[in-house]
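Q: Could you take me through one part of this structure in detail? I'd like to look at a pair of helices that pack together, and then see what lies around them.

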Amino acid sequence: MQQNEVKKVVILGGGSAGWLSAGLIAAQPHLTHNAQITLIESPDIATIGVGEGTWPTMRQTLKTIGISESEFIQRCDASFKQGSRFDGWCDDEGDAHYYHPFSLPVAYQQLNIAPYWFANKDAVSFSHAVASQTYLCDHHKAPKNHLHSAYQGEANYGYHLDAGKFAMLLQQHCTTKLNVEHIVSHVECINSDEDGYISSLQTRDHGTIAGDLFIDCSGTHAKLLHQHYGIELIEQHDVLFNDRAVAVQVPYLNPQQEILSYTKATAQDAGWIWDIGLQSRRGLGMVYSSRFASSEDAKQALSQYIAKTQPGTAQNELTFREISFTPGYRRRFWYKNCLAIGMSAGFIEPLEASALVMVELGLNNLLANFPTHRAAMPTLAKRFDEQCHYRWQRIIEFLKLHYVLSKRTSPYWQAHKEANSVPLQLQENLALWQYQSPWLNDFDRAQEVFSAASYQYVLYGMKQLPQFPVLAMPTAIIEHFSANQQQAKRGLQQLPTNRELLNHIQQFGIQPI
Ligand SMILES: Cc1cc2nc3c(=O)[nH]c(=O)nc-3n(C[C@H](O)[C@H](O)[C@H](O)COP(=O)(O)OP(=O)(O)OC[C@H]3O[C@@H](n4cnc5c(N)ncnc54)[C@H](O)[C@@H]3O)c2cc1C
């Protein structure tokens, strides 16, 4: 029995996925029976270095790993993210925009308020009517003030961060505080036992590293799951067309410039531009489809965007970085004693920043059912695979929703509306939502990635309203709407701006918990 116990976990890869894996596993030894953790990363293969938007889940992740919110914000150039804003997605005209805030609609735990909003739809947008956070976003407000404890806030929030600095902080914390062994060496080959389970990784200059459970965090290389076990990607080119990005870091001209409280996503003819405000700079990028645009087109669109949003920027001093990726996810995520976390498991595109949250969800899943013995692995692997497949499919449908509702007319946007590119489940849901509002029983798993609330924000932001009679408004409902407006008013009066709070945290830190 003892022979196949899981006593040592080997993580391959030192990007955000690898270090988050190391941190979450090492910080919870009670869940792993004190398994030892080793992380190996290659000195030759750089991390992807993008991935600057997180979900609110990152607060719990950092807290579990034992990193203080002050240190994280001070060292990772981090800022507060309260959702996403979509500019120009509805149609070709003007600058119309809508929000997908992190906070749930008011009274969400009690009732579906969306159908009551239709009566007021011309006076106030859905997200303004139901989420006071939308007003905070309009005014670059922080989701908390200096009196809130670490990881607590007035409104729900995640972060924007510098991915390189984040990996460095995690590395330092894991190696100095959580006893994670760190080996910098290229893994050249993989050794298996007679049952096909991985027994060790052969490094170029650190010998053979043995283990009982292997986590493949080697990014798009997928060295273990793909290169060794041959597990393919289920490509999603036909559904979501983006496969390239050009990214650039743009310093603020005025170091005290306001910092956006949301990721701004601006539609373009063959893709969209992300705009993320950190403390010292903005992270920008154009994600696009190589079927519809060249890298020159993308750079030009990005340059024009920079010139428009920050005139006076010396663009000849900026470094534009090109990234290519294949949208898709693995056919299997856990095979034998090896599982994939991060880009090795899959990646679709940066819209709605769903990659790091999939890392967190995958790790929480692993830790909730940690295999202390090899004999448990086949059953756990089957469940893990099923859960991952479900989540990737739901993510794909939700991302596609953003494109399929658009009235933009360029060939890229038109192609997104072709029926054979729209997943059947989404087609069915869209047909249903012509007559009713998305609600809890449309998505009934305990841990859905995107809830009915997210669908409501996008559908009604994109002006896709159901066809049913306007409901009369009972007093209780009027009170919910007005409570939301009151909360917005209080927030606008009492909360500092993102910039003000971040300056304060740089100087004094945050109240510990
Ligand atoms: C354009 C773009 C924008 C994105 N934006 C977001 C976002 O806003 N939010 C979000 O959540 N996610 C985003 N992502 C995804 C996010 O960047 C990744 O999910 C995240 O960085 C995790 O990457 P990773 O650690 O899996 O891979 P990587 O960062 O690529 O790390 C791979 C590691 O594996 C190591 N390695 C590989 N082969 C070997 C070998 N043979 N031997 C030893 N080591 C090896 C490398 O050295 C490296 O350390 C974005 C991705 C792209 C492409």
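A: Let's start with α1 and α11, whose axes come within 10 Å of each other and cross at roughly 35 degrees. The crossing of this helix pair is right-handed. Keep in mind as you look that this is a predicted model.

Now zoom in on the side chains' owners. On the α1 side, the residues that meet α11 are Ser16, Ala17, Leu20, Ser21, Leu24 and Ile25. Facing them from α11 are Leu356, Val359, Glu360, Leu363 and Leu367. Sort the residues of this contact by character and you get eight nonpolar, two polar and one charged.

These two helices also turn up around the ligand. α1 (16–26) and α11 (355–368) each supply at least two residues of the shell around it, and so do β2 (36–41) and β16 (281–288). The largest share, three residues, comes from α1. Altogether 38 residues surround the ligand, and the closest are Gly13, Gly15, Gly51, Gly219 and Gly342. By character, the shell divides into 19 nonpolar, 16 polar and three charged residues.

Where does the ligand sit in the bigger picture? The chain is divided into domain 1 (11–77 + 159–236 + 327–392) and domain 2 (259–323). Both domains give residues to the shell, so the ligand lies between them. The C-alpha centres of the two domains are 29 Å apart. As for direct touching, 10 residues of domain 1 are in contact with 11 residues of domain 2. The side of domain 1 that touches domain 2 is made up of four nonpolar, two polar and four charged residues.

Remember β16 from the ligand shell? Follow that strand and you'll find yourself in an open sheet of seven strands, in the order β5-β4-β14-β15-β16-β13-β17, with mixed pairing. At the edges stand β5 (97–101) and β17 (321–324), each with a single partner strand, so one side of each is left without a neighbour in the sheet. From one strand to the next, the twist averages 20 degrees.

Within this sheet, β16 runs antiparallel to strand β13 (residues 244–251), and eight bridges join the two. To find one matching pair, look for alanine 247, which stands opposite glycine 285 in β16. Helix α10 (residues 295–309) packs on the sheet, touching β13, β14 (263–268), β15 (271–277), β16 and β17. The direction of α10 makes about 30 degrees with that of β13. Helix α15 (residues 452–461) packs on the sheet too, touching β4 (83–87) and β5. The direction of α15 makes about 175 degrees with that of β5.

One more sheet is worth a look before you stop. This open sheet has three strands in the order β12-β18-β21, and the pairing is antiparallel. Its edge strands are β12 (233–235) and β21 (346–347), each pairing on one side only. Three bridges join β12 to β18 (residues 328–330). If you want a pair to find on screen, leucine 233 has arginine 330 in β18 as its bridge partner.

So, back to where you began: α1 meets α11 through residues including Leu20 and Leu363, and both helices supply residues to the shell around the ligand.

Definitions and conventions: Residues numbered from 1 in each chain as written. Predicted model: local features only at pLDDT ≥ 70, side-chain atom pairs only at ≥ 80, totals over all residues. Near = placed C-beta within 6 Å. Helix = DSSP H or I, 4+ residues; strand = E, 2+ residues; numbered from the N terminus. Nonpolar A, V, L, I, M, F, W, Y, C, P; charged D, E, K, R; others polar. Domains from an automatic or database assignment. Contact = placed C-beta atoms within 7 Å. Axes fitted to C-alpha atoms, helices over the stretch in contact; angles between N-to-C directions. Left-handed = near helix turned anticlockwise from the far one by under 90°. Pairing = 2+ DSSP bridges.
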